[in-house]
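Welcome! Have a look at the molecule below, then work through the exercises at your own pace.

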Amino acid sequence: MSRNLLWGERATRPSSICQPHRLMIALDAEQNCQCAVSPNRHSMAAMNLIFLHGAPASGKLTVAKALLAAMPARLLDNHAAIDAARTIFDFGAPGFWELVDTVRGSILRAAIENDISCLVVTLCYSELEDRPFFDQLEDDVVRNGGSVFPVFLHCSEREAAQRVGNADRVQRRKTSSVQGRSDFLSRYTIAPVPRANCLSIDTETTAPEHAAEQIMRHFALR
């Protein structure tokens with residue numbers, strides 16, 4: 001089994017615990033299985049999902065917060081489920097990533113089923129490892145009438161080096177050193193998702209509020 005669900009900055013994540021179908025977890029006791037959300041479960045409003053991705057310290061959470069300030073939306077940050085799992089497990093312990101995947105899948109399913117009009121998702125997307133995850137996410141959202149809008153955020157190495165040690169990153173136990181970021185980038189292929197509508201934004205030259213406005217304008221969101 002390969003590592004297919006990789007949301008956060010995951011230098012120590014084991015490679016044998018995740019499959020793309022685990023993104024959406026249907027809690028059906030009679031069938032006793034894991035499956036994607038059924039589009040016929042009940043009438044649901046279409047959800048727009050803004051997929052912010054990029055390397056550590058590229059500004060994903062900062063731009064996500066600017067989006068939430070500019071439009072009605074909810075946030076599924078890549079570290080929210082990690083923080084929840086840390087209340088039960090040590091980082092990377094047996095069962096840790098299974099819980100992370102379950103929490104994230106449950107949140108996304110709840111957003112689709114409860115008529116959330118817009119969900120902002122952040123992820124350190126690696127093309128080789130995370131393509132199955134993105135394909136599954138896109139399929140689940142589109143099959144329920146929604147749309148996925150990918151946005152790739154990037155900045156120079158010099159700018160990232162200045163950001164990576166920020167106090168908020170240290171407090172949230174993210175990658176917080178230049179060496180740690182370098183090690184991460186040597187392991188994973190950080191790239192835009194291969195979609196024609198993927199928007200690329202340089203967060204070094206674009207202020208967060210301007211990035212949010214650019215995203216909203218590009219995808220005709222309000």
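**Exercise 1. The overall picture**

Among contacts in the protein between residues at least 6 apart in sequence, what percentage join residues at least 24 apart? Then describe the make-up of the protein.

*Solution.* Keep in mind that this is a predicted model.

Step 1. Of the contacts between residues at least 6 apart in sequence, 75% join residues at least 24 apart.

Step 2. Next, list the elements. The protein has eight helices and five strands. Read from the N terminus, they follow the pattern β-α-β-α-α-β-α-β-α-α-α-β-α.

Step 3. Finally, turn to the surface. The protein has 222 residues, and 49% of them are buried. About 10,100 Å² is exposed, with 51% of this supplied by carbon and sulfur atoms.

**Exercise 2. The sheet**

Find the order of the strands in the sheet, and work out which strands stand at the edges.

*Solution.*

Step 1. The order across the open sheet is E2-E3-E1-E4-E5, with parallel pairing.

Step 2. Strand E2 (74–76) and strand E5 (199–202) each have a single partner strand, so these two stand at the edges, and one side of each lacks a neighbour in the sheet.

Step 3. On average, neighbouring strands of this sheet are turned by 25 degrees against each other, direction ignored.

Step 4. Now add a helix. Helix H4 (residues 127–143) lies across strand E1 (48–53), strand E3 (118–123) and E4, and its angle to E4 is about 145 degrees.

**Exercise 3. One edge, step by step**

Describe how E5 is joined to strand E4, and sort the residues of E5 by face.

*Solution.*

Step 1. Strand E4 (residues 147–154) and E5 run parallel and are joined by four bridges.

Step 2. Look at individual partners. Leu153 has Ile201 as its bridge partner in E5, while Phe152 stands opposite Ser200.

Step 3. Sort the faces. Leu199 and Ile201 belong to the covered face of E5, whereas Ser200 and Asp202 belong to the uncovered one.

**Exercise 4. Two charged residues compared**

Is Lys60 buried or exposed? Is Arg222 buried or exposed? Describe the surroundings of each.

*Solution.*

Step 1. Lys60 is in helix H1 (residues 60–70). Its relative accessibility is 7%, which is under the 20% cut-off, so Lys60 counts as buried.

Step 2. Beyond its neighbours within four places in sequence, Lys60 is in contact with several residues, including His53, Asn78, Thr122, Cys124 and Leu153.

Step 3. Arg222 is found in the segment after helix H8 (208–218). With a relative accessible area of 66%, over the 50% cut-off, Arg222 is exposed.

Step 4. Arg222 touches Met71, Pro72, Glu213 and Met216, leaving aside its neighbours within four places in sequence. The side chains of Arg222 and Glu213 make a polar contact at 2.8 Å.

Step 5. Compare sequence with space: Arg222 and Ala70 are 152 residues apart in sequence, yet 8.1 Å separates them C-alpha to C-alpha.

**Exercise 5. Cysteines**

How many disulfides does the structure hold? Check also whether Cys118 and Cys155 are buried or exposed.

*Solution.*

Step 1. Recall that a disulfide is a covalent bond between the sulfur atoms of two cysteines.

Step 2. The structure holds zero disulfides.

Step 3. Cys118 has a relative accessible area of 3% and is buried. Cys155, at 15% relative accessibility, also counts as buried.

Methods:
Residues numbered from 1 in each chain as written. Predicted model: local features only at pLDDT ≥ 70, side-chain atom pairs only at ≥ 80, totals over all residues. Heavy atoms only, no water. Buried < 20%, exposed > 50% of the residue type's maximum accessible area, 1.4 Å probe, protein only. Contact = heavy atoms within 4.5 Å. Polar contact = N/O pair within 3.5 Å; in protein donor to acceptor, adjacent residues only side chain to side chain. Pairing = 2+ DSSP bridges. Axes fitted to C-alpha atoms, helices over the stretch in contact; angles between N-to-C directions. Areas by Shrake-Rupley, 256 points an atom, 1.4 Å probe, with all protein chains shown as cover. Disulfide = S-S within 2.5 Å.
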